Amino acid sequence: MRVSTISNVSTADSSAERSMPRFLWLDLTRKCQLACVHCYNASGPDGTHGTMTRQDWINLLDQAAASGVRSVQLIGGEPTMHPDFTDLVEHALSLRLKVEVFSNMVRLMDTWWELFQREGVSLATSYYSDQSGQHNAMTGRPSHGRTRTNIAKAVQLGIPLRVGIIVGSDQQRAVQARRELEALGVRNVHIDRVRPFGRGAQGSDQDAGNLCGQCGTGKAAIGPTGEVSPCVFSGWLGVGNVRDTPLAAILSGIAMARANDTIRGATKSGQCDPGCEPNAECDPGYPLSDCSPRT
Ligand code: SF4
């Protein structure tokens, strides 16, 4: 992904406290076994883990917890392919952070299931169709059977799990996929859509007008190089790097405020209709909602 930095990280006075996110995406890597046609950050087998070291991520978690962050989502790329994945989950839990692991659930080692069953840990994944051919056409690999098997195992073990069915065409058997998942015992299933970023973009994948408008509100993302952005979809709106600047200074800084202003301006008002879930569209795999501030 291309990342540019909005300069001048400095503390923005009165809004600092209220702007501190409670949720962070830890976007660990661009490496993934799959090569999904819609991948919003173009991850794949040739991706790298970036420049953040294990200690950088540990330091970040410490700062996040001290700043009032309550929960983190480990994502990528495939976060379980990061060599420090289990250490980071353990460390986050030791700081009493809730941890969601957003995985393709293609290859989950036997030793990890105990970790996934720990209090405070949950799983999330994407699914595409009840037919393996349709599913595999989206992921670019023969992944359907393994993901389905691991979904069933997570349910069997009582691990909190949410599944987003990502729809890329009218022909996709999303409704049947939902029924299949519900029959497997998955309680949290939602139908989502391909987001116009990365490989999912038809044209430019850096159009702030395609964001939901809630990015940066109570949340932020940290990428594999340490760059902070308002959300995982807006990595090009870099606002500072945790490898050289404290997290709190970045999150409460002028650059973050400017990035958020840019997003609000591009997405009309950032206002949601009454009754919609305000942050629903910010979360990969999160349920598609009627919340459409961009329109
Ligand atoms: S969408 Fe997820 S599973 Fe698919 S290539 Fe991207 S990171 Fe991997």
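This tour of a predicted model goes from a helix to a strand and its partners, then to the cavities.

Start by selecting residues 54-66, helix α2. Its 13 residues reach 19 Å from the first C-alpha to the last, close to the 18 Å expected at 1.5 Å a residue. Show side chains for D56, W57, I58, L60, L61 and A64, the buried residues of α2. In an α-helix, residues three or four places apart point the same way, because there are 3.6 residues a turn. To see what covers the buried residues of α2, add β2 (23-27), β3 (71-75), α3 (85-94), β8 (219-222) and α8 (247-251), which are included in that cover. Just past the helix, pick G68, whose phi is positive, near 100 degrees.

Next, keep β8 and hide the helices. K219 and A221 point one way from the strand, A220 and I222 the other, and all are buried. On the β2 side the pairing is parallel, over 4 bridges, and L26 stands opposite I222. Now select residues 228-229, strand β9, which runs antiparallel to β8 and is joined to it by 2 bridges. Here S229 is the bridge partner of A221. The hairpin of β8 and β9 has 5 residues between the strands, and G226 in this hairpin takes a positive phi near 95 degrees.

Finally, turn to the cavities: a search of the whole structure finds 3 of 30 Å³ or more. The largest has a volume of about 440 Å³. Select C36, H38, F102, S126 and Y128, which lie nearest its centre among 32 lining residues. β5 (121-127), α5 (132-139) and β7 (188-193) are the elements that give two or more residues to this lining. By type, the lining residues of the largest cavity divide into 13 nonpolar, 14 polar and 5 charged.

Definitions and conventions
Residues are numbered from 1 along each chain as its sequence is written. This is a predicted model: local features need pLDDT of at least 70, side-chain atom pairs count only at pLDDT 80 or more; totals for chains, interfaces and linings use all residues. Side-chain values use heavy atoms; hydrogens and water are left out. The expected span of a helix is 1.5 Å times one less than its number of residues. Buried means under 20% relative accessible area, exposed over 50%, partly exposed in between (1.4 Å probe, protein chains only). Contact means heavy atoms within 4.5 Å. On a 1 Å grid over the protein atoms alone, a cavity is a set of points where a 1.4 Å probe fits but cannot get out, and a pocket is an open set with protein on both sides within 12 Å along at least five of seven lines; lining residues have an atom within 4 Å of a point. Grid points are joined across faces, edges and corners, and a volume is the space filled by probe spheres set on the points. Ala, Val, Leu, Ile, Met, Phe, Trp, Tyr, Cys and Pro count as nonpolar, Asp, Glu, Lys and Arg as charged, and the others, Gly among them, as polar. Two strands pair if DSSP finds at least two bridges between them.
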